[in-house]
Amino acid sequence: MDVQPNSVERTLSSLRAVDGPEPSTAAPLTLEDLYRQHRMRLVRLAILLVDEPATAEDVVQEAFTGLHRNWGGLRDAQAAVGYLRTAVVNGSRSVLRRRKTARDYTPPHTANARSAESLAMLTAEHQAVVNALSKLPPRQREVLVLRYYGDLSEAEIAEATGISKGTVKSTASRALDALQKAMAG
């Protein structure tokens, strides 16, 4: 099966559509407002990065805990959303590093942690894309998920992941090539 950028975009956009539009952050928000408006979207982002709903919940909870600790130093509500997104990406990276270390000492666990509901909503093509996505290296997966599910610009992805815009572009290109190869094989 030939994977094109628009196939990845369709798949991750389908998942994003479940979330509805990004909540507006025009009015001053409290931490409770941010939690209510952004928690599930961040959990779904983390699930796409770490493949385990319970772990994704933990990553998001840690992000909100960190936000609470740093609440006084934030510029505005939009900065809080960016902080949370970056914290989720970094927390997901930490989880994946710990998993890799644990795999070095114990046999890998191959359970499919995606919910039946999330996979049932996808067509066969979309399921193939999501499955191939989980086989990509973490950075490539992050860039594609943030681009096509998170609907972030290259600059926003660079900020969330701590890499340059040029690296975002080249990583996305390599990730799409790798995704195509994974789905063909």
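## Close-ups of a predicted all-helix model

**View 1. Glu52 and Arg99 pair up in a salt bridge.** In this predicted model, the side chains of Glu52 and Arg99 come together in a salt bridge, with 3.6 Å from N to O. Glu52 sits in the loop between α2 and α3 while Arg99 belongs to helix α4, so the pair ties together parts that are 47 residues apart in sequence. As for solvent, Glu52 is partly exposed, with a relative accessible area of 33%. Arg99 is partly exposed too, at 22% relative accessibility. Salt bridges elsewhere link up: Glu32, Asp33 and Arg36 are joined into one network through shared partners. A search of the whole structure turns up 7 salt bridges.

**View 2. Arg36 has salt-bridge partners in Glu32 and Asp33.** Start with Glu32: its bridge to Arg36 has the closest N and O atoms 3.5 Å apart. These two residues are 4 apart in helix α2, which puts about one helical turn between them. Now take Asp33, whose side chain meets that of Arg36 at 3.3 Å, N to O. Asp33 and Arg36 are 3 residues apart in helix α2, again about one helical turn. How buried or exposed is each member of the trio? Arg36 is exposed, with a relative accessible area of 54%, and Glu32 is exposed as well, at 56%. Asp33, on the other hand, counts as buried, with a relative accessible area of 19%; the cut-off for that label is under 20%.

**View 3. Tyr35 and Phe64 make an aromatic pair.** Searching the whole structure gives 1 aromatic pair. Its members are Tyr35 and Phe64, arranged edge-to-face, with 5.0 Å centre to centre and 75 degrees between the planes. Tyr35 comes from helix α2 (residues 31-50) and Phe64 from helix α3 (residues 53-69), so the pair ties together parts that are 29 residues apart in sequence. The two rings don't share a solvent label: Tyr35 is partly exposed, with a relative accessible area of 32%, whereas Phe64 is buried at 5%.

**View 4. Helix α3, end to end.** What span should the 17 residues of α3 cover, and how far apart are its end C-alpha atoms? At 1.5 Å a residue the helix should span 24 Å, and its end C-alpha atoms are 24 Å apart, so the two agree. Plenty of α3 is tucked away from solvent: Thr55, Ala56, Val59, Val60, Ala63, Phe64, Gly66 and Leu67 are buried.

**View 5. Leu84 and the residues around it.** Leu84 has its place in helix α4. Is Leu84 buried or exposed? At 1% relative accessibility, Leu84 counts as buried. Setting aside neighbours within four places in sequence, Leu84 is in contact with Leu42, Ala63, Phe64 and Leu67. Among these partners, Ala63, Phe64 and Leu67 are on the list of buried residues in α3. Val60 is another α3 residue on that buried list; Leu84 and Val60 are 24 residues apart in sequence and 7.9 Å apart in space, C-alpha to C-alpha.

**View 6. Leu45 and the largest nonpolar core.** This core has 44 residues, and Leu45, Val88, Leu144 and Leu179 touch the most other members. Which helices each supply at least two residues? The list is α1 (5-19), α2, α3, α4 (77-105), α6 (124-133), α7 (138-149), α8 (154-161) and α9 (165-184). Helix α2 gives the most, with 8 residues. For a closer look at Leu45, leave out its neighbours within four places in sequence: the remaining contacts are Arg85, Val88, Val145, Leu146 and Tyr149. Of these, Val88 is itself one of the core residues that touch the most other members.

**View 7. Stepping back to the whole chain.** The secondary structure comes to 9 helices and 0 strands, running α-α-α-α-α-α-α-α-α from the N terminus on. Of the 185 residues, 41% count as buried. Among contacts between residues at least 6 apart in sequence, 70% join residues at least 24 apart. The accessible surface adds up to about 10,000 Å², and 53% of that belongs to carbon and sulfur atoms.

Key: Residues are numbered from 1 along each chain as its sequence is written. This is a predicted model: local features need pLDDT of at least 70, side-chain atom pairs count only at pLDDT 80 or more; totals for chains, interfaces and linings use all residues. Side-chain values use heavy atoms; hydrogens and water are left out. Rings of Phe, Tyr and Trp (its six-membered ring) pair if their centres lie within 6.5 Å; planes under 30 degrees apart count as stacked, over 60 as edge-to-face and the rest as tilted. Buried means under 20% relative accessible area, exposed over 50%, partly exposed in between (1.4 Å probe, protein chains only). A nonpolar core is a set of buried Ala, Val, Leu, Ile, Met, Phe, Trp, Tyr and Cys residues joined through side-chain atoms within 4.5 Å. Contact means heavy atoms within 4.5 Å. The expected span of a helix is 1.5 Å times one less than its number of residues. Accessible areas come from the Shrake-Rupley method with a 1.4 Å probe; for residues, only the protein chains shown count as cover. A salt bridge is a side-chain nitrogen of Lys or Arg within 4 Å of a carboxyl oxygen of Asp or Glu.
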